[in-house]
Amino acid sequence: MKQPDKFSMRTETQEGRCIVYMGGELDLESAAQMRAAMAPLVELTDRELVLNLRDLEYIDSTGIGILVSVVKARHANEAPFTVEAIPPGIRKLFDMTGITPFLITSQQT
Amino acid sequence: MKANGEIVTLQVPAEAEYIDLVRLTLYGIASKIGFSYEEIEDMKVAVSEACNNVVLHAYSDAPNGRASERNPGHRMEIRFIRLNDALSIIVKDEGRSFDADAAARKAEPLHGKSVGELEAGGLGLYLMQALMDQVEVHSETGTEVVMTKRLAKSGELA
């Protein structure tokens, strides 16, 4: 049942910013892939970590749980982390769970 | 699909890679019945959360541990029941029964917490409750989660 492009991640490094573009379905099956890809990026405290969700089609508590651990790790390292281009359906789940204020800066709301 | 109580049953291995198949089946059934795109998205997340719990917890020996190896006998059954004005989805396993009351107490969102207090545990059950009209958890031999979403009256435009 392997679908090659069910979930995709692409990382772009600019000066001072590391942008991770996520697309497809982030569920229990793809969670390990995201966790592994994010682990080294979370440690790069000299630049801002940005997650771009423009092409993300699905998330549930598994993915939100990973975001919670990234928020906590970045906070502990005193390093900036933001999430941008959140699709409305996914924003609804972020608002319901209460994670939104930890993901976006007030200017974006 | 006019009669009441029409049932579609799907039985799959209790593995993460089958959960998208459950979502696809739900999508087909719910759109046939006439649920809106947004309602179907809500149900997709709720049913996935119930399946996540089966895959992560039902067949593991250690508390909160993950099943260490695949076992073809570990399965989950998803029943879609068309009611008069609603869809009930039942997710059932034959694994470890689980303390529904303790889980319900943990099922809370992150509102008003500080970064240090953030905890991902409990979000799954919380989302199920928030996204469906009714959620019941029965735990005797294995666990059965019954989730119901009501169909908005026809002619009522969202």
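I began with a term: helices and strands here are DSSP runs, of at least four residues for a helix and at least two for a strand, numbered from the N terminus. With that in hand I looked at chain B of this predicted model and counted four helices and five strands.

**Chain B**

I then read the order of these elements from the N terminus on, and in chain B they run β-α-α-β-β-α-α-β-β. Of the 158 residues in chain B, buried ones make up 47%. I also looked up the contacts in chain B with a separation of 6 or more, and found that residues 24 or more positions apart account for 64% of them. The area that chain B exposes comes to about 8300 Å², with carbon and sulfur atoms supplying 48% of it.

**Where chain A touches chain B**

My next entry concerns the interface, where 27 residues of chain A are in contact with 34 residues of chain B. Between them the two chains bury about 2400 Å², and 63% of this lies on carbon and sulfur atoms. I searched the same interface for polar pairing and noted 15 residue pairs in polar contact, both residues being at pLDDT 80 or more. On the side of chain A that touches chain B, the elements giving two or more residues are β3 (48–59), α2 (61–76) and α3 (88–97) of chain A. The element that gives the most to this side is α2(A), with eight residues. Sorted by kind, the residues of this side of chain A are eleven nonpolar, seven polar and nine charged.

**Salt bridges**

Over all chains, I found 20 salt bridges in the whole structure, and five salt bridges lie across the interface of chain A and chain B. One that joins the two chains pairs E25(A) with R23(B), whose closest N and O atoms are 2.9 Å apart. I traced a network of salt bridges that links K6(A), E25(A), D27(A), E29(A), D20(B) and R23(B).

Within chain A, I looked at the salt bridge in which the side chains of K6(A) and E29(A) meet at 2.5 Å, N to O. This pair links distant parts of the chain, since K6(A) is in the segment before β1 (7–14) and E29(A) in the loop between β2 (17–26) and α1 (31–42), 23 residues apart. I checked both for accessibility: K6(A) has a relative accessible area of 10% and is therefore buried, whereas E29(A), at 23%, counts as partly exposed.

In chain B, I recorded that D133(B) forms a salt bridge with R150(B), with the closest N and O atoms 4.0 Å apart. Because D133(B) lies in the loop between α4 (123–131) and β4 (134–140) and R150(B) in strand β5 (residues 142–150), the pair ties together parts that are 17 residues apart in sequence. D133(B) is partly exposed at 40% relative accessibility, and R150(B) is partly exposed at 48%.

**Backbone angles in chain A**

My last entry is on phi, and I kept in mind that most residues other than glycine have a negative value. E78(A), in the loop between α2 and β4 (81–84) of chain A, has a positive phi near 55 degrees although it is not a glycine. A85(A), also not a glycine, has a positive phi of about 55 degrees, and lies in the loop between β4 and α3 of chain A. With 72% relative accessibility E78(A) counts as exposed, while A85(A), at 37%, counts as partly exposed.

Technical notes
Residues are numbered from 1 along each chain as its sequence is written. Chains are lettered from A and ligands numbered from 1 in the order in which they are written. This is a predicted model: local features need pLDDT of at least 70, side-chain atom pairs count only at pLDDT 80 or more; totals for chains, interfaces and linings use all residues. Side-chain values use heavy atoms; hydrogens and water are left out. Buried means under 20% relative accessible area, exposed over 50%, partly exposed in between (1.4 Å probe, protein chains only). Contact means heavy atoms within 4.5 Å. Accessible areas come from the Shrake-Rupley method with a 1.4 Å probe; for residues, only the protein chains shown count as cover. Buried area is the accessible area (1.4 Å probe) that two parts lose on being put together, summed over both. A polar contact is a pair of N or O atoms within 3.5 Å; within protein, one must be able to donate a hydrogen and the other to accept it, and residues adjacent in sequence count only if both atoms are side-chain atoms. Ala, Val, Leu, Ile, Met, Phe, Trp, Tyr, Cys and Pro count as nonpolar, Asp, Glu, Lys and Arg as charged, and the others, Gly among them, as polar.
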